Amino acid sequence: MRCLSCRRFSATLVCPKCRELYLRPYPRIRRLDTGLEVLSFYAYDEIEPFLLTKHLPHGWFVYRILAREAFSVLEKAQEGLAAIPVDDDASGGYSHTALLARELKRYGYRPRFASLRARNRVSYAGQPLAFRLANPRDFLYEGPKKIRAVLIDDIVTSGLTLQEAQGALLRAGVTVHSAIVLADADR
Ligand SMILES: [Zn+2]
């Protein structure tokens with residue numbers, strides 16, 4: 001096959017040279033208004049072409065490559081820490097947030113799949129902040145209570161979705177340790 005990025009022949013979808021050039025992770029923490037700390041590994045702009053494959057047939061493979069490169073800098077998770085993917089709905093063929101949570105297993109996180117669902121999935125793409133505020137995700141949490149968890153998403157933009165998810169978990173008695181995302185649009 002050919003490398004998705006440089007088009008040279010490669011054994012994998014993104015060749016080792018392009019991984020080194022474009023996918024070397026630079027971890028950074030952004031603190032949202034609620035105090036939630038969001039760990040990201042890339043600036044959104046830097047890896048946008050890779051992120052835009054999300055809904056394409058090979059998106060699953062690209063996301064797995066992104067996850068493995070990004071998480072390679074992680075330490076082992078604290079004992080018993082759950083990984084809760086944000087709205088891991090697989091109606092698009094696969095869930096990118098579930099894929100990320102699954103990749104975190106090797107670092108000791110315990111994925112809690114299908115526990116945090118959005119009741120409102122209206123698209124935020126290209127919408128202003130006012131629209132996002134007027135159309136909250138309305139999360140429903142049906143997982144175990146009295147656990148400690150990190151929220152998992154692929155991209156953080158305004159941070160509204162993560163903060164809303166944090167609120168839903170807190171109301172359910174879950175202690176939200178932090179959030180882990182691949183890319184931050186604000187860095
Ligand atoms: Zn390449």
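# Reading a predicted fold: a dialogue

Guide: The protein contains six helices and nine strands, and the model before us is a predicted one.

Visitor: How should I read the overall dimensions, and what radius of gyration would a compact globule of 187 residues have?

Guide: The general idea is to set the value for the model beside the value expected from chain length. For 187 residues a compact globule would have a radius of gyration near 16 Å, and the protein has 16 Å, so the two agree. Taken along the principal axes, the C-alpha atoms fill a box of roughly 50 × 40 × 30 Å.

Visitor: What share of the residues count as buried, and what share of the contacts with a separation of 6 or more joins residues 24 or more positions apart?

Guide: Of the 187 residues, 33% count as buried. Among the contacts with a separation of 6 or more, 69% are accounted for by residues 24 or more positions apart.

Visitor: Let us turn to the strands. How do β1 and β2 run, parallel or antiparallel, and how many bridges join them?

Guide: Strand pairing is read from bridges, since two strands pair if at least two bridges are found between them. Strand β1, residues 28-31, and strand β2, residues 37-40, run antiparallel and are joined by four bridges. To follow one of these in the model, start from R28, whose bridge partner in β2 is S40. The hairpin of β1 and β2 has five residues between the strands, and there G35 takes a positive phi near 95°.

Visitor: Which residue just after α6 takes a positive phi, and which residue in the loop between β5 and β6 should I look at next?

Guide: Just after α6, G173 takes a positive phi of about 90°. In the loop between β5 (110-111) and β6 (116-118) the residue to find is A114, which has a positive phi of about 55° although it is not a glycine. D138 also has a positive phi of about 55° without being a glycine, and D138 lies in the loop between α5 (129-134) and β7 (139-141).

Visitor: Is D138 buried or exposed, and why does A114 count as it does?

Guide: Burial is read by counting C-beta neighbours, and a residue is exposed if 12 or fewer other C-beta atoms lie within 10 Å of its own. D138 is exposed because 12 other C-beta atoms lie within 10 Å, whereas A114 counts as partly exposed because it has 15 C-beta neighbours inside 10 Å.

Visitor: For a helix, how do I read its span and its faces, and which residues of α6 are buried?

Guide: The span from first to last C-alpha is set beside the expected span, and the buried residues are then viewed down the helix axis. Helix α6, residues 160-171, has twelve residues and reaches 17 Å, close to the 16 Å expected at 1.5 Å a residue. Its buried residues are T161, L162, A165, Q166 and L169. Seen down the axis of α6, these buried residues fall within an arc of 135°, so they line one face of the helix. The elements that cover them include β2, β6, β7, β8 (148-156) and β9 (175-184).

Visitor: How long is α3 from its first C-alpha to its last, and what do its buried residues pack against?

Guide: Helix α3 has 13 residues and reaches 18 Å, close to the 18 Å expected at 1.5 Å a residue. The buried residues of α3 are V62, Y63, L66, A67, E69 and A70, and they pack against α1 (16-22), β3 (42-43), α2, α4 and β9.

Visitor: Which residues of the largest nonpolar core touch the most other members?

Guide: A core is best read from its most connected members and then from the elements that supply it. Of the 44 residues in the largest nonpolar core, L66, A83, A149, V150, L151, I152 and A179 touch the most other members. Two or more residues each come from α2 (44-51), α3 (59-71), β4 (82-85), α4 (96-103), β7, β8, α6 and β9, and β9 gives the most, with six residues. Leaving aside residues up to four places away in sequence, A83 touches, among others, A101, L104, Y109, A149, V150 and I152.

Visitor: Finally, where does L74 lie, and where does P144 lie?

Guide: L74 is found in the loop between α3 and β4, and its C-alpha atom is separated by 15 Å from that of A183, 109 residues apart along the chain. P144 lies in the loop between β7 and β8, and P144 is partly exposed, with 13 other C-beta atoms within 10 Å.

Methods. Residues numbered from 1 in each chain as written. Predicted model: local features only at pLDDT ≥ 70, side-chain atom pairs only at ≥ 80, totals over all residues. Rg over C-alpha atoms; globule rule 2.2 N^0.38 Å. Buried ≥ 20, exposed ≤ 12 C-beta atoms within 10 Å, placed from the backbone. Contact = placed C-beta atoms within 7 Å. Expected span 1.5 Å × (residues − 1). Arc of directions from axis to C-beta. Core = buried A, V, L, I, M, F, W, Y, C linked by C-beta atoms within 7 Å.
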